Amino acid sequence: MTNTQVSIPCSVMRGGTSKGLYFLASDLPADAAARDRFLLAAMGSPDVREIDGMGGGHPLTSKVAVVSKSDRPGIDVDYLFLQVWPDRAEVSDQQNCGNILAGVAPFAIEKGLVPAQPDLTPVAIYMVNTESKATAFVETPGGLVNYAGVARIDGVPGTHAPININFEDVAGSSCGALLPTGNVVDLIKVPGLEAGVEVTCIDNGMPVVCLNASDFGISGYETPAELEANSDLKAKVEAVRLAAGHLMNLGDVTNKTVPKMSLLAKAQNGGLVSTRTFIPARVHESIGVLGAVSVATACMLEGSVANKIAGLQTGGEATTSVLVEVEHPTGFFTVQMEVDNSGEQPIVTKSALLRTARMLMSGSVYVPQSAWSNT
């Protein structure tokens, strides 16, 4: 500690296609308001460039993981995700982040929260935001985390060691049900879309509204920058989002980061469906992990907006298992899905995917003394 600054231990990691600060919960203030003031200072928010902090000036690079050893049966660590907004003094815990999740297991091993096994170390993670569980498998040859390998994910240069993640019981984790409205398709009418637009509201780890891009007068193949510059489109999508929030048991979502709005189109590059996702104001350069899981799940539900676009035939089988390739602006996202269709409502029995992560820096982050002492 100096006269003007305070430092605490911190690691910077890339998790999937996101990047953020990883902290041990014990190193942060226990009071949530005090913690958030500290994190805003650490990121340099509010400032669109976050020039006076560690943030990258974009929601995808202004994220935080708070990790602690868990006392829950069958769980190794607890993981709280926090979104620090670059453009406003706000820290949100309203959603999970499956990309940052990819870095939690290696971080936990590096910090001694989970003992490394000789070759492969499974880490059971409780995702605090959604009160659900995931198990990540990390390569640990010789008891050390391995980051080098041949696994590749679109949106990240080069190849790295694979981190396989199995999600468990994430259906309805935010909205209370896989199909929170009780319907595979709903019709939403808003200004500018008075005739109504068909949507599929789904929550398999991330609340998502699936939309047909053509209903909004676009192809669905535009770049994120082109979509963000389309003010008429953004207004219509946001109006639908606000209406869907109430239907999905999320209430007034004006100041919430969910649901995500995924505009879908026919796949162009060999996948099952193409996506452009508002998160919710900016457009994702790829697609979030759990957002991709929810879209992939929607593709498997007969008659859904996603299913109609994808043209996936389930064949009336009681259990359908398939690899769903979700296209996004920078490539593909592959989700291994298994759905039980034998009952009145579909039940997701498996959601698994491949991610990579890398430790970028480990040391201390400095904030002004005032950001700590005012806690």
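**Exercise 1. Which side chain meets that of Asp78 in a salt bridge?**

Before the solution, two notes on the model. This is a predicted model, in which local features need pLDDT of at least 70, side-chain atom pairs count only at pLDDT 80 or more, and totals for chains, interfaces and linings use all residues. Residues are numbered from 1 along each chain as its sequence is written, and side-chain values use heavy atoms, with hydrogens and water left out.

Solution.
- Step 1. Take the criterion: a salt bridge is a side-chain nitrogen of Lys or Arg within 4 Å of a carboxyl oxygen of Asp or Glu.
- Step 2. Apply it: the side chain of Asp78 meets that of Arg72, at 3.1 Å from N to O.
- Step 3. Add the accessibility, where buried means under 20% relative accessible area, exposed over 50%, and partly exposed in between (1.4 Å probe, protein chains only). Asp78 has 10% and is therefore buried, while Arg72 has 33% and so is partly exposed.
- Step 4. Look at the other contact of Arg72. Its charged end sits over the ring of Tyr126, 3.7 Å from the ring centre. The rule for this is that NZ of Lys or CZ of Arg is within 6 Å of the ring centre and within 35 degrees of the ring normal.

**Exercise 2. Which parts of the chain does the salt bridge of Glu168 and Lys133 tie together?**

Solution.
- Step 1. Find the contact: the two side chains meet at 3.8 Å, N to O.
- Step 2. Place the residues. Glu168 lies in strand β8 (residues 163-168) and Lys133 in strand β7 (residues 132-139), so the pair ties together parts 35 residues apart in sequence. Helices (H or I, at least four residues) and strands (E, at least two) are DSSP runs, numbered from the N terminus.
- Step 3. Check accessibility: Glu168, at 31%, is partly exposed, and Lys133, at 26%, is partly exposed as well.
- Step 4. Set this beside the total, which is ten salt bridges. Asp87, Arg88 and Glu90 are joined into one network by salt bridges that share partners.

**Exercise 3. Is the pair of Tyr22 and Phe107 stacked, edge-to-face or tilted?**

Solution.
- Step 1. Recall the rule: rings of Phe, Tyr and Trp (its six-membered ring) pair if their centres lie within 6.5 Å; planes under 30 degrees apart count as stacked, over 60 as edge-to-face and the rest as tilted.
- Step 2. Insert the values. The centres are 5.7 Å apart and the planes stand at 45°, so the pair is tilted.
- Step 3. Locate the rings: Tyr22 is in strand β2 (residues 18-24) and Phe107 in helix α2, 85 residues apart.
- Step 4. Compare with Phe38 and Trp372, whose rings are 5.7 Å apart, centre to centre, with 85° between the planes, an edge-to-face pair. Phe38 belongs to helix α1 (residues 32-43) and Trp372 to helix α7 (residues 369-373).
- Step 5. Extend the picture: ring pairs link Phe23, Phe38 and Trp372 into a cluster.

**Exercise 4. Which of Phe38 and Trp372 is buried, and which is partly exposed?**

Solution.
- Step 1. Read the value for Phe38: its relative accessibility is 0%, so Phe38 is buried.
- Step 2. Read the value for Trp372: its relative accessible area is 26%, so Trp372 is partly exposed.
- Step 3. Do likewise for the tilted pair: Tyr22 is buried at 0%, and Phe107 is buried at 1%.
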